[in-house]
Each structure stands twice: as C-alpha cells, then as structure tokens.
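Work through the exercises below with the model open. Each task comes with a stepwise solution.

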Amino acid sequence: MRIGGLFSFKGGREVIETRFSAEFDEIKMIIRAIRSAEYRTKISLEKTMTGRLLYNPRDLNAAYKAQFAAQSDFAAEMSSGVSYFEQFVWDLKHRGEADIDVPVLIIGVTGDAE
C-alpha cells in the first residue's frame, strides 16, 4: 500500500516529524509493506455491489495491527461503514480549531497500483 495523502491539523505533522520521527518512519514502512491485493477477499452482499470483490477491513486491520483512515477511492472498494481520509480532512477544515484541540496528523492510505 502507499500513502495517498497527509493532513496536518494544528501543527500535527511538525510535532510528529520532530518528536516522533522514528515512529513515523516505521508507520510509513509498515504501510509500504502491506500488499493491498492480498486483502481483496470479501465478496459483497450489499445491494449496490452484490458479488464484487472488496477489501476486507478486518483482514487489513489485522495486517496493520492498527487502524488508518482510508482514502475515498480505497473506501469505495471496501464494505460499508469505513470512513475515509477526505471526510476527516473536510470535517477538521470546516469545524476550525479550538483551544482544547491537540495536534493531529491524518495519514490517508490507498491500495497499490494494480
């Protein structure tokens, strides 16, 4: 898989790259190590996608051992209920910052070029 987008809220990217650069490098390495095609194992029973082969969120989560927000093009290939990167970005941009907010870095992941 690959990183399809990054969104920094309230200086999140700067905080991560400054204080947690080794951990961020490890996250990027883990993302690159996952082969998305191996997780397209779920046959859809949903009315609008019956019979389509989709990414299996449970298997992907198990592969990551952590959950990341998927990008909308990737989320469209998953079963319902999966949020996506662009929605988080839109929500944060439109709600604005508050004094109680903490720095956040959102990493959008997408499938390998197939």
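Glu17 is partly exposed, at a relative accessible area of 38%; buried means under 20% relative accessible area, exposed over 50%, and partly exposed in between, with a 1.4 Å probe and protein chains only. The model is predicted, so local features need pLDDT of at least 70 and side-chain atom pairs count only at pLDDT 80 or more, while totals for chains, interfaces and linings use all residues. Residues are numbered from 1 along each chain as its sequence is written, and side-chain values use heavy atoms, with hydrogens and water left out.

**Exercise 1. The fold**

Task: state how many helices and strands the protein has, and give their order.

Solution.
- Step 1: Take the definition. Helices (H or I, at least four residues) and strands (E, at least two) are DSSP runs, numbered from the N terminus.
- Step 2: Count. There are five helices and five strands.
- Step 3: Read the order from the N terminus: β-α-α-β-β-α-β-α-α-β.
- Step 4: Check burial. Of the 114 residues, 32% count as buried.
- Step 5: Check contact range, where contact means heavy atoms within 4.5 Å. Among contacts between residues at least 6 apart in sequence, 65% join residues at least 24 apart.

**Exercise 2. A salt bridge within one helix**

Task: find the salt-bridge partner of Glu17 and place the pair in the fold.

Solution.
- Step 1: Set the cut-off. A salt bridge is a side-chain nitrogen of Lys or Arg within 4 Å of a carboxyl oxygen of Asp or Glu.
- Step 2: Apply the rule. Glu17 pairs with Arg13, with the closest N and O atoms 2.9 Å apart.
- Step 3: Locate both. They lie in helix H1 (residues 12-19), four residues apart, about one turn of the helix.
- Step 4: Compare exposure classes. Glu17 is partly exposed at 38%. Arg13 is partly exposed at 34%.
- Step 5: Get the total. The rule gives four salt bridges.

**Exercise 3. A salt bridge across the chain**

Task: which residue forms a salt bridge with Arg35, and how many residues apart are the two?

Solution.
- Step 1: Name the partner. Arg35 bridges to Asp112, with closest N and O atoms 3.8 Å apart.
- Step 2: Place the ends. Arg35 sits in the loop between helix H2 (21-33) and strand S2 (42-43), and Asp112 in the segment after strand S5 (104-110).
- Step 3: Give the separation. The two are 77 residues apart, so the pair links distant parts of the chain.
- Step 4: Add exposure. Arg35 is partly exposed, with 42% relative accessibility.

**Exercise 4. Around Asp101**

Task: describe the surroundings of Asp101, starting from its position.

Solution.
- Step 1: Locate Asp101. It is in the loop between helix H5 (85-95) and S5.
- Step 2: Classify the residue. Asp101 counts as buried, at 16% relative accessibility.
- Step 3: Find the charge partner. The side chains of Asp101 and Arg95 meet in a salt bridge, 3.0 Å from N to O. Arg95 is partly exposed at 47%.
- Step 4: List contacts. Leaving aside neighbours within four places in sequence, Asp101 touches Phe9, Lys10, Arg95 and Gly96.
- Step 5: Follow two of these residues. Glu97, in the loop between H5 and S5, also touches Phe9 and Lys10, not counting residues up to four places away in sequence.
- Step 6: Take the distance. Glu97 and Phe9 are 88 residues apart in sequence and 8.4 Å apart in space, C-alpha to C-alpha. Glu97 is exposed, at 54%.

**Exercise 5. An unusual phi**

Task: what is the sign of phi at Lys10, and where does this residue lie?

Solution.
- Step 1: Recall the background. Most residues other than glycine have a negative phi.
- Step 2: Read the angle. Lys10 has a positive phi of about 55°, although it is not a glycine.
- Step 3: Place the residue. Lys10 is in the loop between S1 and H1, and is partly exposed at 29%.

**Exercise 6. Strand S5**

Task: is S5 largely enclosed or open, and which strand is joined to S5?

Solution.
- Step 1: Count buried residues. Six of the seven residues of S5 are buried, so S5 is largely enclosed by the rest of the structure.
- Step 2: Pair the strands; two strands pair if DSSP finds at least two bridges between them. Seven bridges join S1 (residues 2-9) to S5, and the two run antiparallel.
- Step 3: Pick one bridge. Arg2 is partnered with Thr110 in S5.
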